[in-house]
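Me: Please take a close look at the enclosed space in this model, and at the helix packing around it. I want volumes, linings and residue classes, in short sentences.

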Amino acid sequence: MPGTTSMSPGASGAGAETGGHPQRWAALAVIAIAQLMVVLDATIVNIALPHAQADLGITDANRQWVVTAYTLAFGGLLLLGGRIADYWGRKRAFIVGTVGFALASAVGGLAGDGAMLFGARALQGAFGALLAPASLALLTVLFTETRERAKAFAVYGAIAGGGSAVGLLLGGVLTEYASWRWCLLVNIPVAAVALIAALPLVPESRAHGDTRYDVPGALVVTAGLVSLVYGFTRAAEDGWTAAATLTFILVGVALLAAFVLIELRTRNPLLPMRILLDRNRGGAYLASALIGAGLFGAFLFLTIYLQTVLRYTPLEAGLASLPVTAGVLIAAGSASQLLPRIGAKPLMLGGAVLAAAGMVALTQVDVDTSFVALLLPAQIVLGLGLGFTFVPLSSLALYGVPEHDAGAASATLNATQQIGGSLGTALLNTLYTSAVTGYLATRTPDPITQVRALLHGYSVAFAWATGLILLAGLTTLFLIRVRRQDVPTGGPAHLG
């Protein structure tokens, strides 16, 4: 989930010399409210998606844009958003991000067709990419005493970790008792409260130095990712060998290659290549992207399966998806204790195996699958695996990073998860659609066969998600070489 920034640790701010701003705890509450709004939108829409899809006539091939439009914009612009917040003013960025997020939510909640909803979700992601890093940078400036800063980050981390669960529940309640549109419109009153409170309580601060931004890099990488995802979407409709499919995929790859060249040559790169070229950090970022690719799409299909095949209500689907979050929280607590003792690599390998095992179990879903016998244990095991993976990943992101690159390195980890999730959701949705189409092509399309085709598609998607998670484990096995005593065990890096 979102939650990091490219702030320089040495940036000055209000109260830096007196132990913190006098209204810092009230400001923390304001920042927490805004951050919760951003975190909620990563899961709240998943529960509402089947209803939104039916209401707006969105095809199965295109429904993934409700998720990927948000994650692509957020992940692609996160590093730029952190730079803008640092140099433009963190309070100003926080306010603009909050207002923009609320306005984009209003557009999405009032959407009359799929294209309008997709565009609103992309705007939410763009403003979230400004709001999230500004929030964390403000915390770093407001809380300068070590013990207080740890408490502030604990609150922030709890919101980032628990916000997904709140999103599942709130999405179920709003969809079932109001409308799917309120899963977006609910952000307006939340943003209004945060904005009114932020104006008097949150102080302004900014970093000093070269304030030039790598706008070309941000535009090129975002355009490349969008082209790649659109190529995957075209594959669901036209096939992998179609001219349009291959063109968009090749253009996407070319733009991403151009982004690397831009970053190598520009004086103020959005993503300094030295951050990625370290073997351990590069392995961590690649593993993060692969895990995000496997999980985002799998979670989407799980919520759709619960509502379309098992006929759960939106609220029941939200409650039924909570075991994953419970597993993550349990394992994360244990992993934080084990990390200094056994190191990052064993935890990440064990986590990948557990997560893959949980995902394999989900490939067995059927028309009458028991929640207690299969879905509950599968999700708990999956969550445990994720928890054991996330904690060492956030530490490896900062391994051997110079102080002036710490913010960018931490932000890169969040960006890779979001971008990986975008690509993975698009890929898994294409594979699902192709599997369903292929199943129906050789059978009589009666109601029972149609349900069986859906189940076949879900199993295929979960199987590919399993492969992506195992690939993340192999990445860890062959690329991570860091020693136990060298891994940092604290700091604000976050993945969730």
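**The second largest pocket and its surroundings**

Reply: Helix H17 gives the most to the lining of the second largest pocket, with 8 residues. The model is predicted. The pocket holds about 700 Å³ of space. Its lining is made of 29 residues. Nearest its centre lie Leu225, Ala289, Thr416, Ile419 and Leu423. Thr416, Ile419 and Leu423 fall within H17 (406-441). Leu225 belongs to H9 (215-238), and Ala289 to H12 (279-308). H9, H12 and H17 each supply at least two lining residues, as do H3 (65-88), H10 (243-265) and H11 (273-277). By class, the pocket lining has 22 nonpolar and 7 polar residues. No charged residue takes part in that lining.

Next, the closed spaces. The count is 2 cavities of 30 Å³ or more. The largest cavity has about 40 Å³ of space. Val45, Ala48, Ala52, Val66, Leu117, Trp180, Cys183 and Leu184 line it. Two elements give two or more residues each: H2 (44-56) and H7 (182-185). H2 gives the most, with 3 residues. Those from H2 are Val45, Ala48 and Ala52. H7 brings Cys183 and Leu184. All 8 lining residues are nonpolar, with none polar and none charged.

The second largest cavity has a volume of about 30 Å³. Its lining consists of Asp41, Ala42, Val67, Thr71, Arg121 and Phe296. Here the classes are mixed: 3 nonpolar, 1 polar and 2 charged. Asp41 and Arg121 are the charged pair, and Thr71 is the polar residue. Ala42, Val67 and Phe296 are nonpolar. Val67 and Thr71 sit in H3 (65-88), which also lines the second largest pocket. Phe296 sits in H12 (279-308), another of that pocket's lining helices.

Now the packing. The axes of H3 and H5 come within 6 Å and cross at roughly 35°. The crossing of H3 past H5 is right-handed. The residues of this contact divide into 21 nonpolar, 5 polar and 2 charged.

H5 (residues 114-142) also meets H1 (residues 24-40). Their axes come within 10 Å and cross at roughly 160°. That angle makes H1 roughly antiparallel to H5. H1 passes H5 in a left-handed crossing. On the H1 side, the contact uses Arg24, Ala27, Leu28, Ile31, Ala34, Gln35, Met37 and Val38. On the H5 side, it uses Leu131, Ala132, Ser135, Leu138, Leu139 and Leu142. The tally is 11 nonpolar, 2 polar and 1 charged. Arg24 is the charged residue, while Gln35 and Ser135 are the polar ones.

One further pair is H15 (residues 344-362) with H16 (residues 371-396). Their axes are 7 Å apart, at an angle of about 155°. Angles over 145 degrees count as roughly antiparallel. H15 and H16 are therefore roughly antiparallel to each other. H15 passes H16 in a left-handed crossing. The contact has 21 nonpolar and 4 polar residues, and no charged ones.

To recap the classes: the second largest pocket has no charged lining residues, and neither has the largest cavity. The second largest cavity has 2.

Technical notes. Residues numbered from 1 in each chain as written. Predicted model: local features only at pLDDT ≥ 70, side-chain atom pairs only at ≥ 80, totals over all residues. Heavy atoms only, no water. Axes fitted to C-alpha atoms, helices over the stretch in contact; angles between N-to-C directions. Helix = DSSP H or I, 4+ residues; strand = E, 2+ residues; numbered from the N terminus. Parallel < 35°, antiparallel > 145°, perpendicular 65-115°, else oblique. Left-handed = near helix turned anticlockwise from the far one by under 90°. Contact = heavy atoms within 4.5 Å. 1 Å grid on protein atoms, 1.4 Å probe; cavity = no way out; pocket = protein on both sides within 12 Å on 5 of 7 lines; lining within 4 Å. Points joined across faces, edges and corners; volume = space filled by probe spheres on them.
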